[in-house]
Amino acid sequence: VQLQAFGGGLVQPGGSLRLSCAASGSIFSINDMGWYRQAPGKQRELVATITSGGNTNYADSAKGRFTISRDNAKNTAYLQMDSLKPEDTAVYYCNADISRRKDWGYLAYWGQGTEVTVSS
């Protein structure tokens with residue numbers, strides 16, 4: 001099983017980016033998916049999560065500006081980031097709880113990270 005995150009880049013303050021996280025491989029079911037970020041010199045922190053049923057949870061810093069969504073048919077989660085600020089600069093990692101077989105439990109998988117830089 002692999003998680004591939006992409007969509008990062010350089011954007012000016014106030015701009016937007018859309019991140020994608022695609023899960024591939026031997027997958028039976030995906031439970032929660034989420035985005036985390038780690039800024040230089042800081043610990044990794046939660047940005048947003050979404051359940052398989054579409055229930056969402058956001059960090060206070062993301063509320064009102066970021067939107068997490070998913071396409072269960074494509075095993076893909078998205079993070080639409082609007083009104084970006086310099087303090088949003090970080091490496092963004094995706095995470096998913098995945099079961100590979102019907103009678104197996106869920107394990108947490110992490111993507112490789114995609115870098116977001118917000119700067120003028």
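In this predicted model, the side chain of arginine 70 makes a polar contact with the side chain of asparagine 72, at 2.6 Å. A further link runs to the backbone: the arginine 70 side chain reaches the backbone oxygen of asparagine 31 at 2.7 Å. Arginine 70 belongs to strand E7, which covers residues 66-71. This arginine is buried, yet it has no salt bridge. Aspartate 32 is the nearest side chain of opposite charge, and it is 5.6 Å away. That separation fails the test for a salt bridge, because the nitrogen and the carboxyl oxygen must lie within 4 Å. Residues up to four places away in sequence aside, arginine 70 touches Ile30, Asn31, Asp32, Met33, Ile50, Thr51, Ser52, Thr76, Ala77 and Tyr78. Asparagine 31, whose backbone oxygen is reached by the arginine, is thus among its contacts.

Salt bridges were examined next. Side chains of opposite charge can pair when their charged atoms come close. The count for this structure comes to five salt bridges. Arginine 37 takes part in a salt bridge with glutamate 45, at 2.7 Å from N to O. Arginine 37 also forms a salt bridge with aspartate 88, where the closest N and O atoms are 2.9 Å apart. The two partners of this second bridge sit in separate parts of the chain. Arginine 37 lies in strand E4 (residues 29-38), while aspartate 88 lies in the loop between strand E8 (76-81) and strand E9 (90-99), so the pair ties together parts that are 51 residues apart in sequence.

The accessibility of these residues varies. Arginine 37 counts as buried because its relative accessibility is 7%, under the 20% limit. Aspartate 88 is also buried, with a relative accessible area of 1%. Glutamate 45, at 36%, is partly exposed. Another salt bridge joins the side chains of lysine 63 and aspartate 60, at 3.2 Å from N to O. Here lysine 63 is exposed, and aspartate 60 is exposed too. Through shared partners, salt bridges join Arg37, Glu45, Arg65 and Asp88 into one network.

Arginines also meet aromatic rings. The charged end of arginine 18 sits over the ring of tyrosine 78, 4.1 Å from its centre. Tyrosine 78 is also one of the residues touched by arginine 70. Arginine 44 lies over the face of tyrosine 93, and the distance to the ring centre is 3.8 Å. As for rings paired with rings, the structure holds one aromatic pair.

Two asparagines complete the picture. Asparagine 57 is found in strand E6, residues 56-58. This residue counts as partly exposed because its relative accessibility is 39%. Asparagine 57 and valine 47 are 10 residues apart in sequence, and their C-alpha atoms are 8.4 Å apart. Beyond its neighbours within four places in sequence, asparagine 57 is in contact with Leu46, Val47, Ala48 and Thr49.

Asparagine 75 is placed in the loop between E7 and E8. With 26% relative accessibility, asparagine 75 counts as partly exposed. Asparagine 75 and alanine 23 are 52 residues apart in sequence, but 5.4 Å apart in space, C-alpha to C-alpha. Alanine 23 is among the residues that asparagine 75 touches. Residues up to four places away in sequence are not counted here; the others touched are Cys21, Ala22, Ile27, Ile30 and Met33. Ile30 and Met33 also appear among the contacts of arginine 70.

Methods:
Residues are numbered from 1 along each chain as its sequence is written. This is a predicted model: local features need pLDDT of at least 70, side-chain atom pairs count only at pLDDT 80 or more; totals for chains, interfaces and linings use all residues. Side-chain values use heavy atoms; hydrogens and water are left out. Rings of Phe, Tyr and Trp (its six-membered ring) pair if their centres lie within 6.5 Å; planes under 30 degrees apart count as stacked, over 60 as edge-to-face and the rest as tilted. A charge sits over a ring if NZ of Lys or CZ of Arg is within 6 Å of the ring centre and within 35 degrees of the ring normal. Helices (H or I, at least four residues) and strands (E, at least two) are DSSP runs, numbered from the N terminus. Buried means under 20% relative accessible area, exposed over 50%, partly exposed in between (1.4 Å probe, protein chains only). Lys and Arg count as positive and Asp and Glu as negative; His and the chain ends are not counted. A polar contact is a pair of N or O atoms within 3.5 Å; within protein, one must be able to donate a hydrogen and the other to accept it, and residues adjacent in sequence count only if both atoms are side-chain atoms. Contact means heavy atoms within 4.5 Å.
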